[in-house]
Structures are given as C-alpha cells and as structure tokens.
Amino acid sequence: MKGKVHKFGDNVDTDQIIPARYLNTSDPEELAKYCMEDADPDFVNRMNKGDIIIGGENFGCGSSREHAPISIKAAGISAVIAKSFARIFYRNSINIGLPILESCEAAEEIQEGSEVSIDLTSGEIKDLSSGKIYKAQPFPNFMQKIIDADGLISYVKRKFKK
Amino acid sequence: MPQTITQKILAAHAGKKEVQPGELIQAKVDMVLGNDVTTPPAIKEFNKIGATKVFNKNKIALVPDHFTPNKDIKSAEQVKMMREFAKKYGIVNFFEIGCMGIEHALLPELELVKCGDLIIGADSHTCTYGALGAFSTGVGSTDMAAAMATGEVWLKVPEQIKFVYSGKIPKWVEGKDLILYTIGLIGVDGALYKTMEFTGDALKQLSMDARFTMANMAIEAGAKNGIFVPDAKTTKSRGAKVYKSDPDAIYNNVYTIDVSKIEPQIAFPHLPSNTKPVSKAKNVKIDQVVIGSCTNGRIEDMRIAAKVLKGHKADKNVRLIIIPATQKVYRQAMKEGLFDIFLNANAAVSTPTCGPCLGGHMGVLAEGEKAVATTNRNFIGRMGHPKSEVYLSNVAVAAASAVLGRIGHPEEL
C-alpha cells in the first residue's frame with residue numbers, strides 16, 4: 001500500500017477521531033464523514049483514499065468506541081503509524097482489520113505530505129521522498145494469527161465451528 | 001513465582017497456576033458488558049459468528065445509558081436493537097430506563113460483579129470494578145461479540161505498577177483527587193498496557209464509593225486495569241473470591257504518595273493529566289457545572305454536593321446539573337432530602353444518564369463555554385463544541401465552583 005502522510009501529535013483521543021455527537025449510529029459510511037473532525041475539521045476533504053495517518057505517542061486514547069478505527073478505515077485511510085497506541089484502540093484495530101504499525105523513528109522523521117509505502121507482511125515502512133526504510137515492531141504470534149484470519153470474528157468463527 | 005492479585009485472578013480464569021507479564025492467555029469471563037453505543041456494533045459482529053445462543057444468559061449485562069432516555073431517533077433505534085437482541089437470546093440483565101443506571105455504578109450496586117471476578121466491558125471505564133478486587137478491563141465491540149459467543153477473551157498479562165498511598169487524607173480531598181494527582185504524576189500513558197495496583201494505609205480511609213472513583217480513572221493513565229486488594233471495607237458478595245498480592249510480588253515500578261500533602265486537584269483542558277492544585281486555579285470563570293457520571297455519581301457524591309450547596313444558590317451565570325448515577329442513588333438522595341438542597345440551589349436534577357459527560361445530551365456546551373465537571377475526561381470537544389473547555393474536579397470543588405461562578409475551594413463559601 002502507498003499513500004500520502006497526514007501527521008498528528010501525541011495523545012490523539014477517540015473524541016477527536018470520532019466525536020460522540022456522531023455515535024448515535026455505527027454505520028461505517030456515516031462515521032467516515034466525520035473522521036478526525038475535532039483534530040482537523042477539514043481532514044476528510046483534504047485526504048485521499050489510501051492515505052496514511054501518522055500519530056505520536058498514545059494514539060487512540062480514551063473511549064473504547066470501535067467507531068474510531070471504523071471511521072478511519074471507512075474514510076479510506078490505508079494504515080496508521082504511531083510511536084505508540086492506546087491499548088483498546090490497538091485491540092480494536094486488529095479486531096476490525098485496520099492496519100496499524102508502531103515505529104518511533106518513522107513517526108518522528110517522516111514529514112507531513114510525504115509519500116510512503118508499507119509492506120504489511122514484513123512491517124517495512126518506506127519514505128518515498130527520502131528513500132529511508134523503517135521497520136515496525138512485529139506483532140506477537142497470536143495477534144498475527146488474528147490478523148491472518150482477517151480479524152477476530154473470522155478467527156472465532158473458525159474455532160466456534162470445531 | 002510470587003504473584004500479584006491481578007496475576008492470580010488472570011491465572012485462575014485461564015486454568016493456570018500462575019501467569020507472567022507478557023504471556024498471552026485465553027481467559028473465561030464472569031461478566032460481559034455493553035452499552036447503547038458499543039452494543040449495536042457488537043450485535044452485528046455476533047450475528048456473523050453464526051452462534052445460535054449466547055454463552056450464558058446471566059453473564060451478559062446490557063445497559064443503555066449513554067444517550068438514554070433516547071435523545072433522538074437514531075439513538076432510539078440503537079436501543080431498540082439492543083432490546084430485541086436481549087429478548088431474542090433471553091439475556092437476563094438488560095436494564096430499561098426506570099430500572100437502569102450508569103453501567104459502572106449499576107453493576108456493583110446489583111452485585112452483578114464481585115471481588116475475584118474477571119469482567120470485560122465494551123466501555124473504557126469498565127476498569128471501575130477493580131475497586132472490588134476484581135480484574136476488569138475495557139474492550140471494543142468485536143471483543144464483546146466474541147465473548148458473548150464463547151465466554152472467553154484473549155488477554156496479554158500486563159506488567160504491574162504499585163501505588164502506595166500513605167498519610168491522613170485532608171478535609172475536602174476525595175478519591176477523585178488521589179487519582180487525578182496520580183494521573184498528573186505519571187501522565188495519560190504512564191500506565192499504558194499495565195496494571196495500577198492501589199495500596200497503602202491511606203486507602204483504608206476511603207469508602208467503596210471513593211474507591212470506585214479511583215479505579216474508574218485508571219484508563220485515563222492508559223492502564224489495562226486498576227485494582228484494590230480487598231480489605232474489611234470491600235463489598236464481598238456471595239460467591240466472591242478474595243485474592244491478595246504476595247508480599248514479594250514483582251512490580252515494574254512502585255510510586256509512594258503522601259496524601260496528607262495533596263490539595264483538591266483540577267485537571268485543566270485538554271488532558272486528565274494536566275492537573276493543578278485548586279489553589280492555583282483561580283479566576284477561571286465558568287458557565288456550567290456537572291456533578292455525576294460513572295466517576296462521581298454515587299450516594300456519597302450526592303451527600304458531598306449537598307453538604308457544600310446547603311444554604312447556597314448557584315451563581316446566576318452558572319447552569320448546575322446534578323445526575324444521580326442510578327435509580328437507587330436517586331431514591332436515596334430524595335429520601336435524605338438532598339433534592340431539596342439541590343433545587344434550592346437552582347440545580348437541574350436529572351434521571352440517570354451518561355449524557356453530558358461525553359457531550360451526548362442533557363448539558364452540551366456551546367462554543368467558548370467552560371465547565372467544571374466531576375466526570376473523567378476533558379478532551380477537546382468532550383462535552384460539546386470543539387472550542388469548549390472542561391475542567392475536571394472532585395464533587396466538593398464542583399459544587400463550590402457552581403456557587404462562586406468560577407473555579408474555587410469549598411472553604412471560600
């Protein structure tokens with residue numbers, strides 16, 4: 001996957017990603033319209049499908065609302081890179097199949113507007129503007145199984161049928 | 001290996017003798033919780049699994065509390081979906097308005113959660129039940145769906161941090177101040193993925209209500225769970241199992257906090273860690289005060305509010321909203337005559353709801369407005385307009401601030 005980078009700071013909370021005033025629905029298309037609205041009201045207009053979000057520390061802190069990764073995914077963002085993720089956001093992203101990558105260096109160095117390509121299998125993040133390659137933290141084995149199964153529900157479904 | 005209370009509960013629910021931080025386990029759950037925001041997506045996921053029944057009709061709690069009584073048509077449809085799901089699968093613990101309360105006040109009150117339990121909830125403040133000596137953590141809707149079908153959840157055993165509180169708790173200092181002070185000390189990711197174990201002699205002075213307030217906000221430091229080791233004050237419901245940390249259990253970090261030096265705390269916008277003592281928070285004029293939420297809507301909170309507000313009126317420029325967290329708290333406050341005090345202070349008293357805490361309804365802020373709230377988050381736009389501001393405080397300070405029209409100390413009245 002390849003896309004343009006949109007950078008955000010530390011502690012981007014779920015109220016900024018999808019404000020509670022839009023939580024009276026869980027329809028992904030509807031949630032996509034307001035993605036990142038309280039961090040950047042113009043975000044959905046200036047982003048393109050396939051673009052990449054880069055956050056700082058503790059990305060997705062706050063509420064357990066799965067609507068947050070859902071709105072990012074449904075808006076067309078292909079992956080989120082951050083220095084670290086809040087734990088419920090991390091779980092939720094894996095469970096719904098939003099690719100997330102942890103890399104302090106990449107989050108620090110890659111500039112706003114840069115073109116970046118990501119290889120999810122190897123965890124390689126390439127800054128196409130500078131040519132520099134970054135390696136994301138690998139997922140624990142168990143989590144990789146959930147990712148490979150295409151999310152938690154497919155994973156459970158398989159186990160459930162046994 | 002010596003174990004902490006958290007490790008012991010996790011091990012017991014994973015069918016193991018002991019567990020180590022970093023280990024991935026598949027654990028059995030004693031309760032799965034969802035609310036009107038998180039349950040509808042969980043139902044959609046549950047339906048994809050192909051399960052014909054839930055794992056246990058008694059071990060699922062569905063509490064419509066965020067946008068109830070339904071604030072608009074879409075919210076009404078969300079709750080309708082929950083109601084029909086509960087009926088279809090015979091889920092015993094579905095709480096309609098009139099019987100409901102804010103989930104994290106309601107479940108302990110009904111003793112649906114107890115010490116020694118493992119609880120997951122699709123709400124980040126599920127960590128509240130750690131006050132009982134239970135392992136309790138927030139998850140998302142998909143995790144909730146999987147647990148409703150299987151009765152299990154995968155968990156990574158968290159690293160352990162211990163907080164030791166000592167000293168006499170000063171007048172007007174509440175559990176809220178201890179936890180705000182702690183979050184200020186370690187930051188909003190200071191306990192990321194970890195356990196916050198609350199210990200020390202000072203905590204013996206805290207009621208169960210105050211302990212719920214502390215455990216409730218463990219998530220605001222990024223923690224997986226917050227937990228108290230049960231003592232004489234801990235509610236021990238039937239079937240409860242008491243676990244204690246071994247004296248030589250291993251902690252990544254130990255923080256020692258002398259509570260006698262703590263003042264009531266204010267968390268300034270826009271992070272719960274942005275704390276200052278109330279004495280350093282002068283001249284902040286406010287438009288609204290909210291007393292309530294899963295953090296501070298219990299009977300002790302209502303009593304503190306009444307003690308401060310008695311004989312006073314809210315400043316004419318301040319809208320004062322008081323929300324008892326459950327029907328039982330509401331009735332008790334009414335019986336004790338607290339509502340007379342609130343109404344004499346020109347407060348609006350509401351039926352239980354999360355409402356304004358997350359900017360849902362019942363007290364949403366306009367552009368440029370400032371509120372003091374006993375709630376748990378002061379993120380950008382949390383209580384309404386992205387350019388509004390929330391200052392977090394304890395109950396006494398919130399009540400005093402309503403009267404003063406600015407952030408202030410109860411002693412100023």
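A:Asp38 is a good place to start: at 8% relative accessibility, this residue counts as buried. Keep in mind throughout that this is a predicted model. A:Asp38 pairs with A:Arg21 in a salt bridge whose closest N and O atoms are 2.6 Å apart. The arginine is the partly exposed half of the pair, with a relative accessible area of 28%. A:Arg21 sits in the loop between α1 (14-17) and α2 (28-32) of chain A, and A:Asp38 in the loop between α2 and α3 (43-46), so the bridge ties together parts of the chain that are 17 residues apart in sequence.

**Salt bridges elsewhere**

Across all chains, a search of the whole structure turns up 29 salt bridges. Side chains of opposite charge can pair when their charged atoms come close. Here are four of the pairs, with the distance between the closest N and O atoms.

| Salt bridge | Closest N to O |
|---|---|
| A:Arg21 and A:Asp38 | 2.6 Å |
| B:Glu23 and B:Lys16 | 2.9 Å |
| B:Asp117 and B:Lys114 | 3.4 Å |
| B:Lys74 and A:Glu30 | 3.8 Å |

How do the chain B residues in this table sit with respect to solvent? B:Asp117 counts as buried, at 5% relative accessibility. B:Glu23 is partly exposed, with a relative accessible area of 21%, and B:Lys16 is partly exposed too, at 40%. Some bridges also share partners: A:Asp15, A:Arg65 and B:Arg382 are joined into one network that way.

**Where the chains meet**

B:Lys74 and A:Glu30 take us to the interface, since their salt bridge runs from chain B to chain A. How many salt bridges are there between chain B and chain A? The count is three. Polar contacts add to the picture, with 19 residue pairs found across this interface, both residues being at pLDDT 80 or more.

On the chain B side, the elements giving two or more residues to the face that touches chain A are β1 (24-28), α2 (39-49), α3 (73-88), β6 (135-138), α5 (141-150) and β7 (152-156). Which of them gives the most? That would be α5(B), with seven residues. Sorted by class, the chain B side has 25 nonpolar, 14 polar and 12 charged residues.

As for the overall extent, 51 residues of chain B are in contact with 43 residues of chain A. The area buried between the two chains is about 3,900 Å², and carbon and sulfur atoms give 59% of that area.

**Aromatic pairs**

Now for the rings. Over all chains, the search of the whole structure finds 20 aromatic pairs. A pair of aromatic rings is described by the distance of the centres and the angle of the planes.

In chain A, A:Phe59 and A:Phe89 make an edge-to-face pair, 5.3 Å centre to centre and with 75° between the planes. This pair links distant parts of the chain: A:Phe59 is in the loop between β2 (52-55) and α4 (67-75), while A:Phe89 belongs to helix α5 (residues 87-96), 30 residues apart. Both rings come from buried residues: A:Phe59 has a relative accessible area of 0%, and A:Phe89 has 2%.

Chain B offers B:Phe198 and B:Phe228, whose ring centres are 5.2 Å apart and whose planes are at 45°, so this pair is tilted. B:Phe198 lies in strand β9 (residues 195-199) and B:Phe228 in strand β10 (residues 225-228), so the pair ties together parts that are 30 residues apart in sequence. Buried or exposed? B:Phe198 counts as buried at 2% relative accessibility, and B:Phe228 is buried with a relative accessible area of 2%.

Back to A:Phe59 and A:Phe89, which also belong to a cluster. Ring pairs link them there with A:Phe85, A:Tyr90, A:Phe139 and, from the other chain, B:Tyr193.

**A buried serine in chain B**

One last stop is B:Ser401, found in helix α12 (residues 395-404) of chain B. At 0% relative accessibility, B:Ser401 counts as buried. What is B:Ser401 in contact with, leaving aside neighbours within four places in sequence? The list is B:Ile286, B:Val289, B:Val372, B:Arg406, B:Ile407 and B:Gly408.

Definitions and conventions:
Residues are numbered from 1 along each chain as its sequence is written. Chains are lettered from A and ligands numbered from 1 in the order in which they are written. This is a predicted model: local features need pLDDT of at least 70, side-chain atom pairs count only at pLDDT 80 or more; totals for chains, interfaces and linings use all residues. Side-chain values use heavy atoms; hydrogens and water are left out. Contact means heavy atoms within 4.5 Å. Buried area is the accessible area (1.4 Å probe) that two parts lose on being put together, summed over both. A salt bridge is a side-chain nitrogen of Lys or Arg within 4 Å of a carboxyl oxygen of Asp or Glu. A polar contact is a pair of N or O atoms within 3.5 Å; within protein, one must be able to donate a hydrogen and the other to accept it, and residues adjacent in sequence count only if both atoms are side-chain atoms. Helices (H or I, at least four residues) and strands (E, at least two) are DSSP runs, numbered from the N terminus. Ala, Val, Leu, Ile, Met, Phe, Trp, Tyr, Cys and Pro count as nonpolar, Asp, Glu, Lys and Arg as charged, and the others, Gly among them, as polar. Rings of Phe, Tyr and Trp (its six-membered ring) pair if their centres lie within 6.5 Å; planes under 30 degrees apart count as stacked, over 60 as edge-to-face and the rest as tilted. Buried means under 20% relative accessible area, exposed over 50%, partly exposed in between (1.4 Å probe, protein chains only).
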